[in-house]
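This report describes a model shown below. It goes from the overall fold to the interface and then to single residues.

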Amino acid sequence: MAQAIAFYFIAACILGFAVLVVTTRDTVHSVLFLVLDFLFVAALYVLLGAQFLAAIQVLVYAGGIVVLYLFVVMLVNLKRPPEAHEDPHRRTKLGFGLAAAVLLELGAIAVYGSVNPAAPMPATPAIPVSGNTEQVGWLLYTSYLIPFEIASMLLLVAMIGAIVLAKREL
Amino acid sequence: MITPVHYMLLSAALFIIGVVGVMVRKNIIIIFMSIELILNAVNINLVAFSAQLQNGIGQVFAIFVIAVAAAEAAVGLGIILAFYRNKETINIDEMNLMRS
């Protein structure tokens, strides 16, 4: 019962702040709503028993990525907000229509999935450790070692690329 | 009782909000933030199924998604800064340099 109350409260906060992120005119306010949204997603991870991922969410998303967004919002210093002038070629209704098409697609997948239920998953081999962080670390350094190393290379390449892009002259 | 279906519905709703943001807004920074919302929706799904199946594989994939999101944010914001330095705008309708 308490879990259901916590879930509905967190879900309402996530969706409400997500709507505010998309609809707010002021970009700085939008970034701040994004921080709140990420924090509630981290709370949802705690509810699901993924404490390590919740900590990563707070550290990387709410602490790192959002600060990057805030810096860019401050640096570009909008004298003329993009929404101020109208572009006759832009069709907002088409955007809403395409989003509705995505929603229909998701609904179709859900209906198909409820009509043809998937075969039950085979039992995964037991992991010789207990605790959420130990479990994730065990998987990262055994079964998923190569993707882990590729992710580290990707981050290195992205870091170098961001520096090259943002530098005034090389 | 909260089942995975609840988490999937929440995830789908968050995904649709992100898609509407990408399709409708003109400010490219807000479009990037909508993409982050979409990636978070995917992560909620992964973690919900990880909890349902009693293994940590979904959480490992969510960590990879977070790493890719960080890389995407760094490179994308670098591109926005470089573009703003040249054109003095972040309106996505004016980003048509590649159009002949």
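## Fold of chain A

Read along the sequence, chain A runs α-α-α-α-α-α. The model is a predicted one. Its secondary structure in chain A amounts to six helices and zero strands. Of the 170 residues of chain A, 29% count as buried. Among the contacts in chain A that join residues at least 6 apart in sequence, 51% are between residues at least 24 apart.

Chain A is divided into two parts by domain assignment: domain 1 covers 1-78 and domain 2 covers 131-170. The C-alpha centres of domain 1 and domain 2 of chain A are 22 Å apart.

## The interface between chains A and B

The size of an interface is often given as the accessible area lost when the parts come together. Chain B and chain A bury about 6400 Å² between them, and 74% of this area is on carbon and sulfur atoms. In terms of residues, 67 of chain B are in contact with 76 of chain A. The count of salt bridges between chain B and chain A is zero.

## Helix α6 of chain A

Helix α6 of chain A spans residues 145-166, which is 22 residues. From its first C-alpha to its last it reaches 32 Å, close to the 32 Å expected at 1.5 Å a residue.

Which residues of α6(A) are buried? They are A:Ala151, A:Ala158 and A:Ala162. These residues lie on the same side of α6(A), because they cover an arc of only 30 degrees around the axis. An α-helix has 3.6 residues a turn, so residues three or four places apart point the same way. The buried residues of α6(A) pack against α3 (57-87) of chain B. On the other side of α6(A), the residues A:Ile146, A:Ile150, A:Val157 and A:Ile163 are exposed.

Just outside this helix is A:Tyr144, which lies in the loop between α5 (132-141) and α6 of chain A. A:Tyr144 counts as buried because its relative accessibility is 16%, and the cut-off for buried is under 20%. Leaving out residues up to four places away in sequence, A:Tyr144 touches A:Leu139 in its own chain and B:Ile57, B:Val60, B:Phe61 and B:Phe64 in chain B.

## Buried positions around the α2 helices

A:Ser30 lies in helix α2 (residues 27-47) of chain A. Is A:Ser30 buried or exposed? With 0% relative accessibility, A:Ser30 counts as buried. Apart from neighbours within four places in sequence, A:Ser30 is in contact with A:Val21 and A:Thr24, and also with B:Ile30 and B:Met33 of chain B.

In chain B, B:Ile31 has its place in helix α2 (residues 28-53). B:Ile31 counts as buried, at 8% relative accessibility. Not counting residues up to four places away in sequence, B:Ile31 touches B:Gly21, B:Val22, B:Arg25 and B:Ile92. One of these contacts, B:Ile92, is 61 residues from B:Ile31 in sequence, and the two are 9.1 Å apart in space, C-alpha to C-alpha.

Another of the residues touched by B:Ile31 is B:Arg25. B:Arg25 is found in the loop between α1 (4-24) and α2 of chain B. What is the relative accessible area of B:Arg25? The value is 7%, and B:Arg25 is therefore buried. B:Arg25 and B:Asn43 are 18 residues apart in sequence and 23 Å apart in space, C-alpha to C-alpha.

The accessibility values for these residues are set out below, along with that of B:Gln54.

| Residue | Relative accessible area | State |
|---|---|---|
| A:Ser30 | 0% | buried |
| B:Arg25 | 7% | buried |
| B:Ile31 | 8% | buried |
| A:Tyr144 | 16% | buried |
| B:Gln54 | 65% | exposed |

## Positive phi angles in chain B

B:Gln54 has a positive phi of about 60 degrees, although it is not a glycine. B:Gln54 lies in the loop between α2 and α3 of chain B. With a relative accessible area of 65%, B:Gln54 is exposed, since the cut-off for exposed is over 50%.

B:Glu88 also has a positive phi of about 60 degrees and is not a glycine. B:Glu88 is found in the segment after α3 of chain B.

Methods: Residues numbered from 1 in each chain as written. Chains lettered and ligands numbered in written order. Predicted model: local features only at pLDDT ≥ 70, side-chain atom pairs only at ≥ 80, totals over all residues. Heavy atoms only, no water. Helix = DSSP H or I, 4+ residues; strand = E, 2+ residues; numbered from the N terminus. Expected span 1.5 Å × (residues − 1). Buried < 20%, exposed > 50% of the residue type's maximum accessible area, 1.4 Å probe, protein only. Arc of directions from axis to C-beta. Contact = heavy atoms within 4.5 Å. Domains from an automatic or database assignment. Buried area = accessible area lost by both parts, 1.4 Å probe. Salt bridge = Lys/Arg side-chain N within 4 Å of Asp/Glu carboxyl O.
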